[in-house]
Amino acid sequence: MAPTPRSPAGKVYQASKDQLRDRLARIKGQVGGIERMVEQDRYCIDVLTQISAIQAALDSVALGLLDGHARTCVLAAPAEQQEERAAELMAAVGRLMRRG
């Protein structure tokens with residue numbers, strides 16, 4: 001069995017690796033469903049609705065990871081590393097917000 005994911009500070013992620021894998025597997029299934037919808041020439045708005053649902057699910061995964069990172073890698077970091085870690089966190093948030 002693989003070790004539990006840990007931050008550079010040595011803390012365990014807030015969301016367990018198994019929870020993340022399960023959620024990502026469900027998202028993968030949703031993507032397969034969209035592929036089938038396209039192959040079946042389903043109504044475009046229905047396909048777009050499913051894409052929106054997947055984006056929301058991925059956002060939820062990302063927020064969980066950001067929460068864990070903020071708690072374990074930023075707040076728990078030594079004081080001299082917190083500013084750098086906070087900047088890294090905000091850069092990641094910025095990348096997540098720049099889509100579309």
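I call a residue buried when its relative accessible area is under 20%. I'm keeping that in mind while I look through this model, which is a predicted one.

**Overall layout**

I started by listing the elements. I found three helices and zero strands. Read from the N terminus on, they run α-α-α. Next I asked how much of the protein is buried: of its 100 residues, 22% are. I also looked up the contacts between residues at least 6 apart in sequence, and 47% of these join residues at least 24 apart.

**Helix α1**

I checked the length of α1, residues 17-39, against what a helix should give. At 1.5 Å a residue, its 23 residues should span 33 Å, and the end C-alpha atoms are indeed 33 Å apart, so the two agree.

Which residues of α1 are buried? I noted Leu20, Ile27, Gly32, Gly33, Ile34 and Met37. Then I wanted to know what these buried residues pack against, and the partner is α2, residues 44-74.

**The loop after α1**

Past the end of α1 I stopped at Asp41, which follows that helix and has a positive phi, near 55°. Why did I stop there? Most residues other than glycine have a negative phi. Asp41 is not a glycine, yet its phi is positive at about 55°. I placed Asp41 in the loop between α1 and α2. Is Asp41 buried or exposed? It is exposed, because its relative accessible area is 70% and the cut-off for exposed is over 50%.

**Salt bridges**

How many salt bridges does the whole structure hold? My search turned up two.

I took the one in α1 to begin with. The side chains of Asp18 and Arg21 meet there, at 3.9 Å from N to O. These two residues sit three apart in helix α1, so about one helical turn separates them. That fits a general point I jotted down: an α-helix has 3.6 residues a turn, so residues three or four places apart point the same way. As for accessibility, Asp18 counts as partly exposed at 45%, and Arg21 is partly exposed too, at 47%.

The other bridge is in α2. Here the side chains of Arg71 and Asp67 meet at 2.8 Å, N to O. I see both of them in helix α2, four residues apart, which is about one turn of the helix. Arg71 is partly exposed with a relative accessible area of 46%, and Asp67 is partly exposed with 30%.

**α2 against α3**

My last stop was the pair α2 and α3, the latter being residues 79-97. Their axes come within 10 Å and cross at roughly 175°. That makes α2 roughly antiparallel to α3, since angles over 145 degrees count that way.

Which residues meet between these two helices? From α2 I wrote down Ala62, Leu66, His69, Ala70, Cys73 and Val74. From α3 the partners are Gln82, Arg85, Ala86, Glu88, Leu89, Ala92, Val93 and Leu96. Sorted by class, this contact has ten nonpolar, two polar and two charged residues.

**Note to self**

I have one place to revisit on the model: Asp41, in the loop between α1 and α2, with its positive phi.

Definitions and conventions:
Residues are numbered from 1 along each chain as its sequence is written. This is a predicted model: local features need pLDDT of at least 70, side-chain atom pairs count only at pLDDT 80 or more; totals for chains, interfaces and linings use all residues. Side-chain values use heavy atoms; hydrogens and water are left out. The expected span of a helix is 1.5 Å times one less than its number of residues. Buried means under 20% relative accessible area, exposed over 50%, partly exposed in between (1.4 Å probe, protein chains only). Contact means heavy atoms within 4.5 Å. A salt bridge is a side-chain nitrogen of Lys or Arg within 4 Å of a carboxyl oxygen of Asp or Glu. Axes are lines fitted to C-alpha atoms, for helices over the stretch in contact, and angles run from 0 to 180 degrees between N-to-C directions. Angles under 35 degrees count as roughly parallel, over 145 as roughly antiparallel, 65 to 115 as roughly perpendicular and the rest as oblique. Ala, Val, Leu, Ile, Met, Phe, Trp, Tyr, Cys and Pro count as nonpolar, Asp, Glu, Lys and Arg as charged, and the others, Gly among them, as polar.
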